[in-house]
Amino acid sequence: PFLVEAAVAAQSVASLAALSDFLDFNKEPKSLLEKFLYAAAFSPQPSGELLHLILDKLDGKQLAPEIWETGVIAVGSLVGKLCQQKLCGLQQVVERGVETILRGLRGAKEEPEVVIYLLSLGNAMLPETIPTLLEHAEDGPTAVTAAATSALQRFPAPHISSKVKRAMRRIFHQKRKSYDKTCRLAAAEILLDNHPLPMDAINILLATSEMETEMATFLLLKVQDSLRGHHHMAKKIMKDIMGDPQINNYNFFSKVGTSSSFSGPLTVTQDLTSTFGLDLLFLEGGFLRKSVSDFSLFSHGQRLRAAQVTFEAQGMESMLGENLSEGEEEPELMAGMSATFFDVQLRPIIFFQGYTDLMAKVLLSSGEPTSVVRGNLLLMDHHQVVIPLQSGLQVTIKLQGGLGLDISADMDVSIWEQELKTSVIARGSLAMDFQAELDSPFLQATLRSQTEVETSIHFDTKLRFSSSPVLMCLQLREEQVPYR
């Protein structure tokens, strides 16, 4: 496994040829193939040859579902990074990658297939695919709408045009049909997070008076949170709106639901802000519908999602004897998880789907956490030749940074004890190697610096919904960080 990751990081003609010869997508263990695909997806400056290799390996083969899904998502990530390098239109393989995703999306018959292609488009973040995402967001079933709005949320503010905002208004205010509450909230977040218009903010706030308690509570807390974060685009507009006593009053902000939305700074410097955010959306009966834990970096108007883990459980309403909202389709019983690391969306993981699967998992649960991603990634690879100094001498600089990552997650539902537990364990080690060389006929010198950091974060939630109000315990633990 380590040699495969090293060969992907090298991306030389010889290493890619070796990978092509060695990797048989029909025979190799799934864990090794996933390592290869994720190492490619996280590559900081991928080559067109690497994308070409993956497209060839995926083309026309009967693959295991996990490998096919990971491969499609990796193609989206590689296309996006190659386009950031201004190689869109210059390399034929990039156009082939885009066409592979779009053709697959058009031909997809099953809902899970459509979702994977939409997540791949989210990784690519190509402005020309926004109309396709909007079409699926408005007209698709719940899972498709959720995947399309999630992909749209990843685009920077300049690409959230008036056309996108009009579509998000129609979803949030349910102009065409009834939408799931998570899709409506995602549409509201897109409107509030991208240079919001005062009218949008006012209409969203006014709409909370007609919503269920939990959904209204979540949205109002999201609005209040925007007032606290100095990096939030809606802060100034929200401040002006809150000057109106018809909106900023006890009647509006006295919702007593269990749902919550919070984000706060972990570190703040002149150039960088890192934040931790936690969103918890509950059903009216107290069951957790969706939780999102997010670690993000903000710098000069840009956002990097360093780590975002989402747990989602749907279809629990019928088990708890709750009534659905008028016009809302009854979703299939399901619990799953999705994760984004360094702006790369990973393959979603389903814990159970359907009542029979749930009972089998409850009875046969091993208690072992599910591995989300594990491996070694090249994060940065910078080589600058011939930097002239004032003295007339010239220096060569090399900088490499690698990350060892081990993320696992678990969701445990106990029907008898009426408890829900989720846990995320993230372990990482970062190694940086800096080297500067001065080479002249009369003087040779080398400066070298090596830095290593290790960290481990545990995030656990435990919910007991056997009584009212729901009892909830949250725990975020960070182990001591050794720095060398």
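Two strands count as paired if DSSP finds at least two bridges between them. Strands (E, at least two residues) and helices (H or I, at least four) are DSSP runs, numbered from the N terminus. With that in hand, welcome to the tour.

A word on the model: it is predicted, with local features needing pLDDT of at least 70 and side-chain atom pairs counting only at pLDDT 80 or more, while totals for chains, interfaces and linings use all residues. Residues are numbered from 1 along each chain as its sequence is written, and side-chain values use heavy atoms, with hydrogens and water left out.

**Stop 1: the span 4-208**

Select residues 4-208, which UniProt lists in an unreviewed entry as "domain: Vitellogenin"; UniProt positions follow the numbering used here, feature names are shortened, and annotations may be inferred rather than shown by experiment. The span is 71% helix and 0% strand, and its end C-alpha atoms lie 52 Å apart.

**Stop 2: a run of antiparallel strands**

Next, colour β8 (residues 370-388) and β9 (residues 394-414), an antiparallel pair with 15 bridges. Five residues separate these two strands in a hairpin, and G392 in the turn has a positive phi of about 95 degrees. Look for P388, whose bridge partner in β9 is Q394.

Now add β10 (residues 419-439), which runs antiparallel to β9 and is joined to it by 20 bridges. Two positions to label here are K398, with bridge partner Q435 in β10, and A409, which stands opposite V424 in β10.

Keep going to β11: β10 pairs with β11 in the antiparallel sense over 21 bridges, and a hairpin of four residues connects β10 to β11. D433 has Q450 as its bridge partner in β11.

**Stop 3: two domains**

Select 259-364 as domain 1 and 367-483 as domain 2; these bounds come from an automatic or database domain assignment. Their C-alpha centres lie 22 Å apart. The contact (heavy atoms within 4.5 Å) takes 27 residues from domain 1 and 25 residues from domain 2.

**Stop 4: the second largest pocket**

For the empty spaces, the search uses a 1 Å grid over the protein atoms alone: a cavity is a set of points where a 1.4 Å probe fits but cannot get out, a pocket is an open set with protein on both sides within 12 Å along at least five of seven lines, and lining residues have an atom within 4 Å of a point. Grid points are joined across faces, edges and corners, and a volume is the space filled by probe spheres set on the points.

Where is the second largest pocket? It lies between domain 1 and domain 2, because both give residues to its lining. Its volume is about 1100 Å³. Of its 34 lining residues, show F295, A306, F342, T455 and I457, which lie nearest the centre. β10 gives the most to this lining, with six residues. The lining divides into 22 nonpolar, nine polar and three charged residues, where Ala, Val, Leu, Ile, Met, Phe, Trp, Tyr, Cys and Pro count as nonpolar, Asp, Glu, Lys and Arg as charged, and the others, Gly among them, as polar.

**Stop 5: the second largest cavity**

The count comes to two cavities of 30 Å³ or more, and the second largest has a volume of about 60 Å³. Select E5, V8, A9, A39, F42, S43, P44, N376, L377 and L378 to see its lining. The elements that give two or more residues to this lining are α1 (2-10) and β8. Seven of the lining residues are nonpolar, two polar and one charged.
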